[in-house]
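Welcome! Please take a moment to look over the sequence and the model, and then read on for a guided tour.

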Amino acid sequence: MSLKLTLHTSPDVPLEAPCLNPDTLAGMTADIVAAQKVMHGNQAASVGDFFKVAGKANGTLELEGDLSRVKYIGAGMQSGILNVTGNVGQHLGAGMSGGDIRVDGDAGDWVAPEMRGGRVTITGNAGHLVGGAPRGSAIGMLGGEIIIHGNVRNETGHAMRNGLIAVGGTSGDFTGVNMLAGTIIVLGDMGNRSGAGMQRGSIVSMNPAEMLPTFTHACVYRPEFLRLLLLHIRSAGLPVNDDHIEGAYDRWCGDVVEVNRGEILLLNGA
Amino acid sequence: MSSSLRIVNGKVHDPANGIDGEIRDIYISDGRIVDASPEDAVSIDASGMVIMPGGVDIHCHIAGPKVNLARKLQPEDHRRDPHPGTPYTRSGSGGTVPSTFATGYRYSTLGYTTAMEAAVTPIGARHTLEELHDTPVIDKGFYVLLGNNIFLQNLLKEGRRDEFKQAVAWWVNSTKAFTTKLVNPGGDEPWKGKKNANVEDIDEKSTETGLSPRDIIQAFVETVNELGLPHPPHIHCNNLGHSGNYKTTLETMKTAGDLRAHIAHIQFHSYGGERGKNPTSAAREIIEYVNSHPNISCDVGQVMFGKSTIMTADAPLAYLLRGFKKGKWVNADTECESGCGIVPFSYQEHVFMHTLQWAIGLELFLMSEDPWRVLLSTDHPNGGSFMSYPKLIRLLMDREFRIEEMKKVNQKALDKTSLRDLKREYTLNEIAIITRAGPARVLSLRNKGHLGAGADADITIYDEQEDKEAMFNAPRYVIKSGKSIIHNHEFVGDHIGKLLHSTPAFDTDIEQIVQPFFEDYYSIEFANYAVSDQYLHDHEVIAGIKTL
């Protein structure tokens, strides 16, 4: 039986719990897990003050309850499986380098900032700055995959340098702002100013989007890599249809305020 | 905690009183060191430990507008290095530019109890005083930047030397400063007025004022010696960081003649070679001049590998450095007074220039003949954080460790220096001089840097260890003004240190001369400019010595 933590008391203020990841809790019994330190606002507290702990750690960690005030779940995770039933708070999977996080619910802002590897799947919506760079840092996500079935808000993939962010619903403004490289796919609508300040990388959308004046139209073509990527995210459960896979795409180059090596691909005729 | 303490069985290093490692008892009563044991004294057994006066940092950047700008510029530094509170102390954030509270507490965890902020624009004095008040445990003061002040330069240009002197004294009083600071004297105005201009030669006359850096340096050295400030002008020479700048540094020291002058972070001013090309080490030329001229004091400004933050009033220098990294940076103009530049930086072992800087600093230390005048600093945070002092001390005290560290650096750069041939190892007493007794003497702090009767009871007690880095990293006890701050490595108390400043006498008629200039050129009213006494909080006026 895997380790299962069920929320019994909702925190009054945000609870910072970076210990809630399969690596940190590996090999611990329920008692030891319950004694792990967390920060409740500016007060030290323990996991047991908020969670009922059952089972024994075996590489899979199950969390249950409305954890929308619990921050840093799965932060620094390197391996294992983390399943959450319910919503999660900010900084889910911050700096994770491996393993698999699946959330059946919504996620707060800053999903997997500075992620280096592994995979995060959110079946609901996510907040701002998915895969972004924390304030002051020049580089966001460095690798791995973030799959979001619902919608995301602003600055998705802010300063990302590698990896994949796939969004089944819509994205807010500044999708891929300042991105250095990597790929963002948005199956729904994108907000304003997509790709602002991007250096390299690809932003893909299936709907028309308003281009910044610092982007230029290059051509219409059928990029081979995109078919592979779309098949891959379809297998992850996102609603990719055959028109997406077989369609031609308008290629826009930008952002000329930077090195102009980035691209935005919009499904032609959509 | 009792106000009386008795520290017994410790090995005392008090070079100012000629005590070198003797087992002695130290008595403390009412915040001062006393001769006889007070009756109700609480004892601390310091067997196997080394007792030194609290450290005195003569040159660092820890408070004021530019420091705050550097904090705001680098949130990533703070996120990675939180500074948790304790039941006695407040929390903060670290990195190369820690928050005010963390700065005070971190200094005290190294056994430092006094630190001098080395560059504050007059208009930033109020902000600096408020931040210093929030920098706990340590006593502190600051040097006021006057070397690029347009009003003062106009007086010099017109030959009004007495009014110049009065105005300097007025400025020191109005800002509650400790002494004057010159940064790239005469260089910031051409920089602000013309595209990328700077002065390159100490005798180059400015087209606006007709003054050369030498004219300004000479006027300040004479004036400050006449006024008898507790510390001579603190000079950041022209051409910092440029190859061949050692000639400028030598000329600056010669300009002082036999008058007292302090050369700041002299390592950055000890480069040979041709401007624009790779530098060589001119440490020998520089240190020989310092060794043979007892009127000159300096702090080394050692470079330590790792992250640093370049933070300077030398705006053209910051502009130059920003080109190497292409990261975020700040350049600012400070009204009629100064410039400012901030560049996050990192010194790396494999880089030729960085290794050369590291080696030149060590050469200066190891070839110094008078530890009382060649003092320890990293120009925090420019050459590295003050948190790297313990490692620097180990580099000076432990040749084997030095040899190990030399293996990690750029060998081509190391070949250009004499560091491999220097066998000297500092003794504990010499370390006590360059970190405590020496700075206190150069700053005329008569109650600091020693453990004689009447001295402030600022005391650090280290476990005697073979690994000097570990030893200086974690004093077992730190006592500030007679109060236990750290006991058995744990904080047991807090303390608000006092401001150290000077109040040279001046003729108040000078205000009538300064005021019209303010009304014409400043963004604030003259009446609002001088800092009122309520900003002093707890303070001590340090009397100077007239040497002219």
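What follows is a walk through the two chains, their cores and a few chosen residues.

Please keep in mind that this is a predicted model.

**The chains**

Let us begin with chain A, whose secondary structure consists of three helices and 17 strands. Its radius of gyration is 19 Å, close to the 18 Å that the globule rule gives for 270 residues, so chain A is as compact as a globular protein of that length. Chain B has 18 helices and 26 strands. With a radius of gyration of 22 Å, close to the 24 Å from the globule rule for 548 residues, chain B is likewise as compact as a globular protein of that length.

The table sets out some values for each chain.

| Chain | Buried residues | Box or span along the principal axes |
|---|---|---|
| Chain A | 49% of 270 residues | roughly 60 × 35 × 25 Å |
| Chain B | 56% of 548 residues | about 65 × 55 × 45 Å |

How do contacts reach along each sequence? In chain A, of the contacts with a separation of 6 or more, 42% are between residues 24 or more positions apart. In chain B, 77% of the contacts between residues at least 6 apart in sequence join residues at least 24 apart.

How many residues of chain A are in contact with chain B? Four residues of chain A are in contact with four residues of chain B. On the chain A side, these residues divide into one nonpolar, two polar and one charged.

**The cores**

In soluble globular proteins, nonpolar side chains tend to be buried together. Here, the largest nonpolar core has 150 residues. The residues with the most contacts inside this core are Ile51(B), Tyr143(B), Val144(B), Val168(B), Ile263(B) and Leu364(B). Tyr143(B) is a good one to find in the viewer: beyond residues up to four places away in sequence, it touches ten-odd places worth tracing, including Met116(B), Ala118(B), Phe178(B), Lys181(B) and His234(B). A second, separate core has 76 residues, among them Val38(A), Val47(A), Ala57(A) and Ala196(A).

**A pair of helices in chain B**

Leu364(B) also belongs to the contact between two helices. These are H10(B), residues 283-292, and H12(B), residues 352-367, whose axes come within 9 Å and cross at roughly 35°. The crossing of H10(B) and H12(B) is right-handed. H10(B) contributes Ala283(B), Arg284(B), Ile286(B) and Ile287(B), while H12(B) brings Ile360(B), Glu363(B), Leu364(B) and Met367(B). The residues of this contact divide into six nonpolar, no polar and two charged.

**Two loop residues in chain A**

Tyr72(A) sits in the loop between strand E7 (70-71) and strand E8 (81-85) of chain A. Is Tyr72(A) buried or exposed? Tyr72(A) is buried, because 25 other C-beta atoms lie within 10 Å and 20 or more are enough to count as buried. Leaving aside neighbours within four places in sequence, Tyr72(A) is in contact with Glu16(A), Ala17(A), Pro18(A), His91(A) and Ala94(A). The C-alpha atoms of Tyr72(A) and Ser202(A) are separated by 28 Å, and these residues are 130 apart along the chain.

Gln36(A) lies in the loop between helix H1 (30-34) and strand E3 (37-40) of chain A. Gln36(A) is partly exposed, with 19 other C-beta atoms within 10 Å. Not counting residues up to four places away in sequence, Gln36(A) touches Cys19(A), Ser46(A) and Val47(A). Val47(A) also appeared above as a member of the second core.

Conventions
Residues numbered from 1 in each chain as written. Chains lettered and ligands numbered in written order. Predicted model: local features only at pLDDT ≥ 70, side-chain atom pairs only at ≥ 80, totals over all residues. Axes fitted to C-alpha atoms, helices over the stretch in contact; angles between N-to-C directions. Helix = DSSP H or I, 4+ residues; strand = E, 2+ residues; numbered from the N terminus. Left-handed = near helix turned anticlockwise from the far one by under 90°. Contact = placed C-beta atoms within 7 Å. Nonpolar A, V, L, I, M, F, W, Y, C, P; charged D, E, K, R; others polar. Rg over C-alpha atoms; globule rule 2.2 N^0.38 Å. Buried ≥ 20, exposed ≤ 12 C-beta atoms within 10 Å, placed from the backbone. Core = buried A, V, L, I, M, F, W, Y, C linked by C-beta atoms within 7 Å.
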